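Biologist: I have a model in front of me and would like to learn how to read its features one by one. Could you take me through it slowly?

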Amino acid sequence: MTTDHGIGSDVSRREDARVLLGESKGTDDIELSDALHVQFIRSDKAHAEFTIDATAAREMPGVVAVFTPADIAANETPAPRPFTLFAAPMTGLDYPDEALWQRCLATEKARYHGEILGIVVAETQRTARDALAAVDVTYDVRDAAVTPSAALADDAPVIHEAAPDNVFFAGGQGDEEAVRAAFERAAHTAELQKEPQRISPSPLEPRSAIGRYDASSGHLEFTATTQIPHAYRRLMAQMLAYPEHKIDVTAPDMGGGFGARQHPYPADALVGWCAIALEETVKWRATRTENQLVENDGRGYEGTWEIAMDADGDLLGLRADINYDLGAWVARGAASLAEAGNLLMTGLYDIPAAYSHVTGVVTNAARVDAYRGVSAVPMILMLERLVSKVAKQADMDPAAVRKRNFVEPDQFPYEAAGGALYDSGDYERNFDIGLDEIEYEAFRDKQATLRDEGRYLGIGFSCWTEVAGLGPCGHIDVASWGYGSVQIHPTGEVTVYCGGSNHGQGHETSLAQVAADALDVPYEDVRVVENSTKEVSEGVGTYASRTAALGGGAVTKCCEKVLSKGRAVAAHEFDSAIGDVTYSDGTFVGPEGAQSLSFGEMADKVHKGVDIPAEMEPGLEEQTYYDPENCTWPFGTHIAVVEVDPETGEFEFHDYVATEDCGVQINPTIVEGQVVGGIAQGLGQTLYEDVEYDDDGTLLSDSFRTERVGSRGGYTLPKAEHMPEITIRSTETPSPHTPHGAKGMGESGSIAAPGAILNAVEDAIEPFDPEPMTPPITPEKIWRAINGEEP
Amino acid sequence: MVDVDLTVDGEQRSVSVEPRELLSQTLRERLGCTSINIGCESTLCGACTVQCDSKSVKSCTRLTVQADGADIRTVGSLADDGVLGELQTAFSEEHALQCGYCTPGIIMAVDEYLDANANPSREEIRTEALQGNLCRCTGYENIVDAIEVAAEALER
């Protein structure tokens, strides 16, 4: 090997230096002084008809324009169209019609707190904010429904005339009859209700967007906080009815995404609209409150989950009936997410029958859409809680029940009852590593001994999988390939172009490792370019843990094509058959080892078109739209050990072990970083985070707060002091179908941590026979559960 | 408008600002210090932390006019002609940043903390050094590691 920085090495990240020197540039760091500034008139009410009087604002010095819905409708630049849906149905779910797709601004009435009612444009951001305060909005307030149960009540207000029952879509997946039969012959069943609550992805950088319009060329350019620059371009072309080839989008450095920036927002399209209508460069930057008001939330499930098990401990069936809180409009990805969760609802277990029914409910709240772990989070959380619960009811060991029911290594590819086709796995081996690490055999004795002393230890297991590396094309009605292109310079140096977006994942490092490994060239000779339609011609974006599998897969395939052409050049040079040319250590070698040609010498020849086969085109640049055979299915085991203080309901962690398998790891340090970061978000969901509306639909959690629990208002993100020390172990079961065996690893922690922590706390307080708790499990809720009160 | 003199990363700067202007706004918009990030505008996230006369402050909650005459340092000042300082190096080597939005603020807060607390325990790092800063990406563990490593290196 020429490179010691190939796949599997812990290379320090190239991205770090610019951050540490204070030189990274986000969207808000661009156009600091020259652009016009946009502020949005947003509804203060969750459900109200409104009128706007902008007279005073229009007259303020420095105000360029105020656009009410009527002004926008009358403008010669056509108003943005509604958002299209991310994908057509996969499973026959009855999708909502266009009347319910998210609009860019309210026209007749506002349906959630923060919905855009109009636009203010001014010379500076401060002037725009002053003008916003001078806009007078009069509301005729209606009753609001802010949860699925409220929106489905008999006396619920009608939020959309097109959906008078407040249902956007509904449908079932799986074999309902087989599940009914499984429950009939079960010796043990368990049931859980409600949860998981609505939470906010809360990237630390608020969203922003810049629109630039060049009237002479008709070129429209966006700089924006997005995970999907190319798909953003496609969507803006549709929404603004503008030619796609005249739009460019760049996503500069960004302070987190976590799925919340997988789909653009009304503000993005309206910034583009302002740029065209005013023929100016305009900039918008959200405040934190604005960000919390309208950036999509995640989760938001209410429902009933049930599991059936026979007397021997074999799991027989799984059933879910879910009301999914969609917010006031059907968001772009929400319906797809509702379907995707059902695919993997049986998790790592060989459960023969599964059925879920999902009802997408409209509420007077912000949209719900992708957030790290997406629908695997509720499905795995509820499954893992049910497995522990039914084991306890049957007086069986929860670890033993898991081991008994895991899909076996020889069952892959494995078709799960929910519809997923898992690619590879060795679940029990992975689980056993976690058990050994935690010394489980000794744990139960220790637990019993300590209980006699009045100390309450508990252990919680959570075994997870997710649909990663989202593809392949044809299964869902949306482009889902991985784009890559590899340019070989005449010096033998390499530029890799990839269609994702790097916003913390370290692609500039990890994809360079992939290319250096595949081409057997020095890592230092490889540069990675992403994040812009101006530099990379195509792409789908970074979400669903797809870049390691699909970006890395595309880069690997491009490199294979490069080496194939290189071999032909070398064979021509050696006057030998292509099959007699070998390549290693960056050098092509002829038969018997007599002749050699370095990678750089080959690149120079092919660049000049000198001494190459007659039928060969000069130049060395290869492109791939990599369409995988399947998604990838990483998996793992999280185990938490906690001790609860029954006097206060507080608890502390004694241990937290995550054993992960994401196939081949490109950069183990980056993988571990993703795991621990995900656990923090899963811990936040379990213990602290909760999007809170009052009954009128006013968002209370509209800024950060640092109190652990207690006062209403504010949104609590975990701090350093809230996190346990985490032990990470791994197994490696390569994906059989990605070219480099990688599966992707972005979401394990947010999927697995909630189940591990909840199961551990409930195991600890089991002697008190508590009712199941709904997260976030505050000390008060734990105390109430211990003391036999409704938690 | 009010005239204010500041020293920013060793350089004398004179600016005219609105009386209501926040230090974070002046440093970013008028002086181009874009390592200062505005995550919450309410003193909670710490992404805008700079050092003002050797004390770490959240620049989103200080008026620029209050800082007249101050010596302000941002994360770039810890490097020497592009060569990373101990704390910066430890952050890179321990993979203590992902998106990096919180990083400049954390480093300026921790730089001050380590001046007064040479040998903190991991518990102290979590509850004291990082008390005023949020990170949404890393789960903090590698940040704690990096601060431990830097503290040892600075002791030597």
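The dialogue below turns to the fold of one chain and then to a contact between two chains.

Modeller: Please keep in mind from the start that this is a predicted model.

Biologist: How many helices and strands are there in chain B, and what pattern do they follow along the sequence?

Modeller: Chain B holds five helices and five strands, and if you walk along its sequence you meet them in the pattern β-β-α-β-β-β-α-α-α-α.

Biologist: Why is a radius of gyration near 15 Å the value to compare with for chain B?

Modeller: A compact globule of 156 residues would have a radius of gyration near 15 Å, and because chain B has 15 Å, it agrees with that expectation. The C-alpha trace of chain B spans about 45 × 30 × 25 Å along its principal axes.

Biologist: What share of the residues of chain B count as buried?

Modeller: A residue is called buried if 20 or more other C-beta atoms lie within 10 Å of its own, and 58% of the 156 residues of chain B count as buried. Among the contacts in chain B with a separation of 6 or more, 59% join residues 24 or more positions apart.

Biologist: How many residues does each chain bring to the contact, and which element gives the largest share on the side of chain A?

Modeller: Chain A brings 41 residues and chain B brings 45 residues. On the side of chain A that touches chain B, α1 (16–20), α18 (668–687) and β30 (704–705) of chain A each give two or more residues, and α18(A) gives the largest share, with seven residues. Sorted by class, that side of chain A has 16 nonpolar, 15 polar and ten charged residues.

Conventions
Residues are numbered from 1 along each chain as its sequence is written. Chains are lettered from A and ligands numbered from 1 in the order in which they are written. This is a predicted model: local features need pLDDT of at least 70, side-chain atom pairs count only at pLDDT 80 or more; totals for chains, interfaces and linings use all residues. Two residues are in contact if their C-beta atoms, placed from the backbone, lie within 7 Å. Helices (H or I, at least four residues) and strands (E, at least two) are DSSP runs, numbered from the N terminus. Ala, Val, Leu, Ile, Met, Phe, Trp, Tyr, Cys and Pro count as nonpolar, Asp, Glu, Lys and Arg as charged, and the others, Gly among them, as polar. The radius of gyration is taken over C-alpha atoms; the globule rule is 2.2 Å times the number of residues to the power 0.38. A residue is buried if 20 or more other C-beta atoms lie within 10 Å of its own, exposed if 12 or fewer, and partly exposed in between; C-beta atoms are placed from the backbone.
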